[in-house]
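Reader: I should like to request a close look at a single part of this model, the metal site, followed by an account of the elements around it. Please treat it as a connected description.

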Amino acid sequence: MEWLQDNPKVRMRDPAGVAKKIHKLIQDGPQKLQVVTDYDHTLARSHYQGRPVGTSYCVFEADESVSEDYQTEAARLKKKYLPIEFDPNLSEEEKIPHMIQWYAESFDIILSSGINENQLPAMVQRADLHLRCRTPECFEFLNQQKVPILVYSAGLGNIIELSLKQQNAMKGNVTIIANFLVYKPDGTPLKFASDSVLHSYNKNASHPMTRDYYSSEKLQQRNNAILIGDSLGDASMTDGAPCLKPPPAGHSTVLRIGFLNRNFDASLKRYLDAFDIVLVDDQTMDVPLELFRRTCCDAISSQT
Ligand SMILES: [Mg+2]
């Protein structure tokens, strides 16, 4: 545990409880493990070379090939709703109606933007969606260990997939569940794939989009999870997963890691309540990677 406690970015409310969870993950090993992670400001950094990194939706806003009308409207929506999403003084219930409204208005302008599917790869290439240091290494390691990764995001699935592919992190063990756009044969946007929008506060394992994933055979025996997110809502990403029932109903262990990217002093207490390990302004995947290694490799050495 020294490796964790000595890391200056790490905060924990209950270090003994965290040690217990890590011990259980190591005992059960990689065969029992699954990883569930958010994308925006979690796999993707929150800042890079002194500049804030946008979200998967911002790719459209920041690109020179997109109409000025779209950019103006998207900036207006962001200015209105982003402070609400991160307001530490508002409850989840108070935020939800605003979030739904934000998504509805954003989807409308995306669909009417006319941005062609063929434009997306170059747009993602030009965008600033830099992954946290060592993200491809994490994904490669988990792929070797045959540990499934769910990238569960309220962001734009098409952009996330391209971003992971372009940065060498889209391995065979990765599934993305997010808001995906469906395109017409000529490449213009047709609709969003699902009628039920995923937003920051309904992103749990009871959402209909997750049904097929959690009922798939490869997940059945995987009763432990490492969850990684950056919004308070991310802490409940695995809630309702049939294979991840916590005691007393089941024997699952879910270790929650939260990246705290902003409002450090005002938000720390809530993050400590929601996540087992809070990483304060850490732009790397060092801690998750070390946890993956210990869970997978210490389990093997403890069996031999
Ligand atoms: Mg996020």
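Are both Asp38 and Asp230 buried or exposed?

Author: Both Asp38 and Asp230 are buried. The model is a predicted one, and the description below should be read accordingly.

The two residues belong to the magnesium site. The magnesium ion is coordinated by Asp38 through OD, by Asp40 through O and by Asp230 through OD, at 2.0 to 2.2 Å. Along the sequence these donor residues follow the spacing D-x1-D-x189-D. Asp38 is found in the loop between β2 (33-37) and β3 (47-48), while Asp230 is found in the loop between β9 (224-229) and β10, so the pair ties together parts that are 192 residues apart in sequence.

The loop that carries Asp230 leads to β10, and from there the description can continue into the sheet. Strand β10 (residues 253-260) is joined to β11 by four bridges, and the two run parallel. Within this pairing, Phe259 stands opposite Leu279 in β11. Between the two strands the chain passes through helix α11 (residues 264-274), forming a β-α-β crossover that is right-handed. Strand β1 (residues 10-11) is also joined to β11, by two bridges, and these strands run antiparallel. Here Val10 stands opposite Leu279. Strand β11 (residues 277-280) is covered on both faces: Ile277 and Leu279 are buried on one side, and Val278 and Val280 are buried on the other.

Another enclosed element is helix α8 (residues 157-166). Seven of its 10 residues are buried, so α8 is largely enclosed by the rest of the structure. The buried residues are Gly157, Asn158, Ile159, Ile160, Leu162, Ser163 and Leu164. They pack against α3 (58-62), α6 (120-126), β5 (149-156), β6 (174-179) and β7 (181-183). Glu161 and Lys165 of the helix meet through their side chains in a salt bridge, with an N to O distance of 3.6 Å. The two are four residues apart in α8, and are therefore separated by about one helical turn. Glu161 is partly exposed, at a relative accessible area of 27%, whereas Lys165 is exposed, at 52%. After α8 comes Asn168, which has a positive phi, near 65°.

The salt bridge in α8 leads to the wider set. The whole structure contains 17 salt bridges. Arg134, Glu137, Asp286 and Arg293 are linked in a network of such bridges. Asp286 pairs with Arg134, their closest N and O atoms being 2.8 Å apart. This pair links distant parts of the chain, with Asp286 in helix α12 (residues 286-303) and Arg134 in the loop between α6 and α7 (135-144), 152 residues apart. Asp286 is partly exposed, with a relative accessible area of 30%, and Arg134 is partly exposed at 31%. Arg293 and Glu137 form a salt bridge at 3.3 Å, N to O. Because Arg293 lies in helix α12 and Glu137 in helix α7, the pair ties together parts that are 156 residues apart in sequence. Arg293 is partly exposed at 32% relative accessible area, and Glu137 is partly exposed at 36%.

Finally, the cysteines may be considered. A search of the whole structure finds zero disulfides. Cys133 is in no disulfide, the nearest cysteine sulfur being that of Cys138, 11 Å away. Cys133 is partly exposed, with a relative accessible area of 35%, whereas Cys138 is buried, at 0%.

Methods: Residues numbered from 1 in each chain as written. Predicted model: local features only at pLDDT ≥ 70, side-chain atom pairs only at ≥ 80, totals over all residues. Heavy atoms only, no water. Disulfide = S-S within 2.5 Å. Buried < 20%, exposed > 50% of the residue type's maximum accessible area, 1.4 Å probe, protein only. Pairing = 2+ DSSP bridges. Right-handed = clockwise from strand over helix to strand, strands pointing away. Contact = heavy atoms within 4.5 Å. Donors = N, O, S within 2.8 Å, 3.2 Å for Na, K, Ca; no water. Salt bridge = Lys/Arg side-chain N within 4 Å of Asp/Glu carboxyl O.
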